[in-house]
Amino acid sequence: MSSKPVVLIAEELSPATVDALGPDFEIRHCNGADRAELLPAIADVDAILIRSATKVDAEAVAAANKLKVVARAGVGLDNVDVPAATKAGVMVVNAPTSNIVTAAELACGLIVATARNIPQANAALKNGEWKRSKYTGVELAEKTLGVVGLGRIGALVAQRMSAFGMKIVAYDPYVQPARAAQMGVKMLTLDELLEVSDFLTVHLPRTSETVGLIGEEALRRVKPGVRIVNAARGGIVDEEALYSALKEGRVAGAGLDVYAKEPCTDSPLFEFDQVVCTPHLGASTDEAQEKAGIAVAKSVRLALAGELVPDAVNVQGGVIAQDVKPGLPLAEKLGRIFTALAGEVAVRLDVEVYGEITQHDVKVLELSALKGVFEDVVDETVSYVNAPLFAQERGVEVRLTTSSESADHRNVVTVRGTLADGEEVSVSGTLAGPKHLQKIVAVGDYDVDLALADHMVVLRYEDRPGVVGTVGRIIGEAGINIAGMQVARATAGGEALAVLTVDDTVPSGVLAEVAEEIGATSARSVNLV
């Protein structure tokens with residue numbers, strides 16, 4: 001019996017992956033796509049390395065008696081049941097930066113292909129047809145490329161396509177104009193971008209806010225003859241709306257690598273000759289696969305050695321004090337709430353930690369808060385290591401402040417940010433009781449006391465009778481149950497703040513109706529799932 005930790009490689013990975021693991025492990029192999037082979041093979045291993053064909057679901061997690069790490073050599077985690085792994089104490093890691101260059105290059109390729117009809121002309125010629133005039137294209141030089149989402153991939157696309165002589169404009173409410181200007185990119189509103197772009201490329205995460213962003217309304221605002229590329233996430237470009245726009249001639253062409261439902265082998269969009277389609281090839285290069293394998297091999301080594309794991313998506317590793325660990329998910333959620341309330345990335349971000357916990361090293365709480373701040377902002381997986389990089393790229397000054405003094409609670413974490421216009425936004429939370437109940441205890445200058453929930457609404461309005469009833473009526477008529485609500489105010493008749501916890505996401509239309517009915521100065525929906 002080997003005394004070495006056992007690592008199961010369940011799919012074909014590059015030889016560099018095994019080299020990166022080193023000699024300290026017993027390496028086993030199996031066909032992870034074959035359930036009959038996978039389930040007994042996973043029973044006594046310490047770590048499993050997979051790609052996309054192996055499903056590590058609740059059944060597989062339950063069958064793994066010693067499993068400590070699931071490592072996905074890639075970005076997506078659709079084939080891993082992260083909640084089941086978390087409940088079982090199994091760390092899940094991936095390789096969030098392995099395909100950035102590869103994904104950007106594919107988007108650039110689709111832009112060129114849609115401009116010059118390369119795949120269509122190739123297919124026609126191989127079919128014995130010489131159709132030079134039919135496949136006349138357009139030049140990229142002097143054309144305007146609209147980049148929707150100027151994160152790391154979007155920025156790489158902008159950089160590469162500017163070399164073609166394209167004028168680059170972008171929409172991203174989380175990127176400071178000064179930072180964009182350094183890249184030679186002009187920031188616009190989405191409506192402005194739609195009106196001027198000859199080509200449009202999407203690089204956003206898929207969230208409840210971004211699904212259908214490029215939909216019927218947006219596609220009626222586009223510049224006639226625009227060509228649209230989506231190599232980010234399926235569903236951000238509404239496929240039915242795109243079909244109508246192509247049918248009516250409002251959109252001249254499209255390049256698609258991702259789809260609302262995958263695998264997608266039959267779509268109405270495939271009937272258009274001017275639509276270039278690929279089967280989700282964004283990460284499919286030898287280089288990206290090798291980078292992914294090496295990255296997760298290093299994470300496995302760190303995890304099994306009990307050290308900090310930068311790319312853990314569910315469990316923070318490393319030497320962290322036991323008193324600090326429960327605060328990690330709280331700080332991350334406070335970061336996400338901050339982003340939802342601010343609606344943009346702060347110029348300066350302060351993570352403040354008060355109380356007894358500060359006798360320990362709490363630097364990881366700053367990282368956890370940063371991870372939350374950018375979770376719903378960028379289109380890549382955010383980890384404890386790349387969150388500071390996202391802040392640096394966006395020109396965000398980040399500071400950690402600690403004090404052993406805490407007036408009202410044993411420990412408090414505050415995420416406070418200064419926005420570009422000088423406005424300050426902050427949210428504070430604490431852990432209560434032996435079960436570490438996560439609570440929100442302040443929003444700005446208003447004290448509240450409410451358990452955190454997956455879905456929340458934060459309203460600011462002028463204090464007057466009837467507001468609470470109006471809010472309850474509108475949300476109730478939408479079929480959404482209010483689980484909890486607290487109102488805070490400085491003075492009677494002055495500004496008031498209400499925080500609601502609800503059972504489901506409040507649709508934007510319902511939130512807008514609430515804001516209009518009560519005359520809210522601010523109405524924000526917070527969704528932590």
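A residue counts as partly exposed when its relative accessible area lies between the 20% under which it would be buried and the 50% over which it would be exposed, and I begin there because Arg473, at 38%, is partly exposed by that rule. Please keep in mind throughout that this is a predicted model.

Arg473 forms a salt bridge with Glu477, their closest N and O atoms being 3.6 Å apart, and since the two lie four residues apart in helix H16, about one helical turn separates them. Glu477, at 59% relative accessibility, counts as exposed.

Arg473 also takes part in the packing of two helices, being one of the H16 residues that meet H17, where the partners include Val510 and Glu513. By class, that contact has seven nonpolar, one polar and three charged residues. Helix H16, residues 467-477, and helix H17, residues 508-518, pack at an angle of about 155°, with their axes 10 Å apart, and the two are therefore roughly antiparallel to each other, in a crossing that is right-handed.

Let me turn to the other salt bridges, of which the count comes to 29 in total. Arg399 pairs with Asp350, with closest N and O atoms 2.6 Å apart, and this links distant parts of the chain, as Arg399 is in strand E14 and Asp350 in strand E13, 49 residues apart. Is Asp350 buried or exposed? At 5% relative accessibility, Asp350 counts as buried, whereas Arg399 is partly exposed at 37%.

Finally, Lys247 forms a salt bridge with Glu271, the closest N and O atoms here being 3.4 Å apart; Lys247, at 54%, counts as exposed, while Glu271, at 47%, is partly exposed.

Methods: Residues numbered from 1 in each chain as written. Predicted model: local features only at pLDDT ≥ 70, side-chain atom pairs only at ≥ 80, totals over all residues. Heavy atoms only, no water. Axes fitted to C-alpha atoms, helices over the stretch in contact; angles between N-to-C directions. Parallel < 35°, antiparallel > 145°, perpendicular 65-115°, else oblique. Left-handed = near helix turned anticlockwise from the far one by under 90°. Contact = heavy atoms within 4.5 Å. Nonpolar A, V, L, I, M, F, W, Y, C, P; charged D, E, K, R; others polar. Salt bridge = Lys/Arg side-chain N within 4 Å of Asp/Glu carboxyl O. Buried < 20%, exposed > 50% of the residue type's maximum accessible area, 1.4 Å probe, protein only.
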